[in-house]
Amino acid sequence: QVQLKESGGGLVQAGGSLRLSCAASGRTFSDYCVAWFRQVPGKERELIAAISWGGGNTDYADSVKGRFIISRDNNKNTVDLQLNSLKPDDTATYYCATDRFRWPPSQFDAWGQGIQVTVSS
């Protein structure tokens with residue numbers, strides 16, 4: 001099973017940008033589709049972006065489309081999420097997760113521990 005770890009979170013002002021990274025270890029990363037989720041306390045976890053095994057397909061939630069960009073580098077075993085034009089509503093804990101067999105990903109077999117993104121107004 002692949003192990004995942006997120007990095008790059010932090011505090012940013014509204015309108016600013018952050019770049020999150022999901023680093024994988026343990027298995028061949030190109031065997032997995034990868035998704036980014038976010039969660040606010042008291043709310044359901046929201047799938048916001050996904051990328052296919054080789055990176056040829058991407059998908060975004062309407063809430064982030066046009067502002068966030070997902071990309072991957074299978075040589076480095078990383079999937080990045082570029083967060084642009086951030087809003088206070090983007091404040092959440094962000095998670096990456098993998099689905100080995102499905103596109104779009106829907107059944108997730110590994111999760112990172114999450115990383116906090118806080119957007120101040």
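Ser 21 is placed in strand S3, which spans residues 18-25. The model is a predicted one. With a relative accessibility of 18%, Ser 21 counts as buried, because the limit for that class is under 20%. The side chain of Ser 21 makes a polar contact of 2.9 Å with the side chain of Asp 80. Leaving aside residues up to four places away in sequence, Ser 21 touches Lys 5, Glu 6 and Ser 7, as well as Trp 36, Thr 78, Val 79 and Asp 80.

Trp 36, one of the residues touched by Ser 21, also appears in the description of the hydrophobic interior. The largest nonpolar core has 29 residues, and the members that touch the most others are Trp 36, Leu 81 and Tyr 94. Two or more residues each come from S3, strand S4 (33-39), strand S5 (46-51), S7, S8, S9 and strand S11 (115-120). The most is given by S3, with four residues. A second core, separate from this one, has five residues, among them Ala 35, Ala 50, Tyr 95 and Ala 97.

The structure holds one disulfide. The bond joins Cys 22 to Cys 96, with an S to S distance of 2.1 Å. The torsion about the S-S bond of Cys 22 and Cys 96 is about 75°, so the disulfide is right-handed. Cys 22 belongs to strand S3 and Cys 96 to strand S9; the pair thus links distant parts of the chain, 74 residues apart. Cys 22 is buried, at a relative accessible area of 0%, and for Cys 96 the value is 0% as well, which places Cys 96 in the buried class. Cys 33 takes part in no disulfide, and the nearest cysteine sulfur, belonging to Cys 22, is 13 Å away. This separation exceeds the limit for a disulfide, because the two sulfur atoms would have to lie within 2.5 Å. Cys 33 is likewise buried, with a relative accessible area of 0%.

Aromatic pairs in the model come to three. In one of them, Phe 37 and Phe 108 are arranged edge-to-face, with 4.9 Å centre to centre and 85° between the planes. Phe 37 lies in strand S4 whereas Phe 108 lies in the loop between S9 and S10, so this pair ties together parts that are 71 residues apart in sequence. The two partners fall into separate accessibility classes: Phe 37 is buried, with a relative accessible area of 7%, and Phe 108 counts as partly exposed at 21% relative accessibility. Phe 37 also pairs with Trp 111, in a tilted arrangement with 4.8 Å centre to centre and 50° between the planes. Because Phe 37 is in strand S4 and Trp 111 in strand S10, this second contact ties together parts that are 74 residues apart in sequence. The relative accessible area of Trp 111 is 35%, a partly exposed value. Phe 37, Phe 108 and Trp 111 make up one aromatic cluster.

Two arginine side chains are placed over aromatic rings. The charged end of Arg 45 sits over the ring of Trp 111, at 4.6 Å from the ring centre, and Trp 111 is itself a member of the aromatic cluster with Phe 37 and Phe 108. The charged end of Arg 72 sits over the ring of Phe 29, at 4.8 Å from the ring centre.

Backbone geometry was examined at three loop positions. The peptide bond from Trp 103 to Pro 104 is cis, with omega near -5°. Pro 104 is found in the loop that runs between strand S9 (92-99) and strand S10 (110-111); Phe 108 of the aromatic cluster is also assigned to the loop between S9 and S10. Asn 77, a residue other than glycine, has a positive phi, near 60°. Asn 77 is located in the loop between strand S7 (68-73) and strand S8 (78-83), and counts as partly exposed at 24% relative accessibility. Ser 85 likewise has a positive phi, near 50°, and is not a glycine. The position of Ser 85 is in the loop between S8 and S9, where Ser 85 counts as partly exposed at 43% relative accessibility.

Methods. Residues are numbered from 1 along each chain as its sequence is written. This is a predicted model: local features need pLDDT of at least 70, side-chain atom pairs count only at pLDDT 80 or more; totals for chains, interfaces and linings use all residues. Side-chain values use heavy atoms; hydrogens and water are left out. Buried means under 20% relative accessible area, exposed over 50%, partly exposed in between (1.4 Å probe, protein chains only). A polar contact is a pair of N or O atoms within 3.5 Å; within protein, one must be able to donate a hydrogen and the other to accept it, and residues adjacent in sequence count only if both atoms are side-chain atoms. Contact means heavy atoms within 4.5 Å. A nonpolar core is a set of buried Ala, Val, Leu, Ile, Met, Phe, Trp, Tyr and Cys residues joined through side-chain atoms within 4.5 Å. Rings of Phe, Tyr and Trp (its six-membered ring) pair if their centres lie within 6.5 Å; planes under 30 degrees apart count as stacked, over 60 as edge-to-face and the rest as tilted. A charge sits over a ring if NZ of Lys or CZ of Arg is within 6 Å of the ring centre and within 35 degrees of the ring normal.
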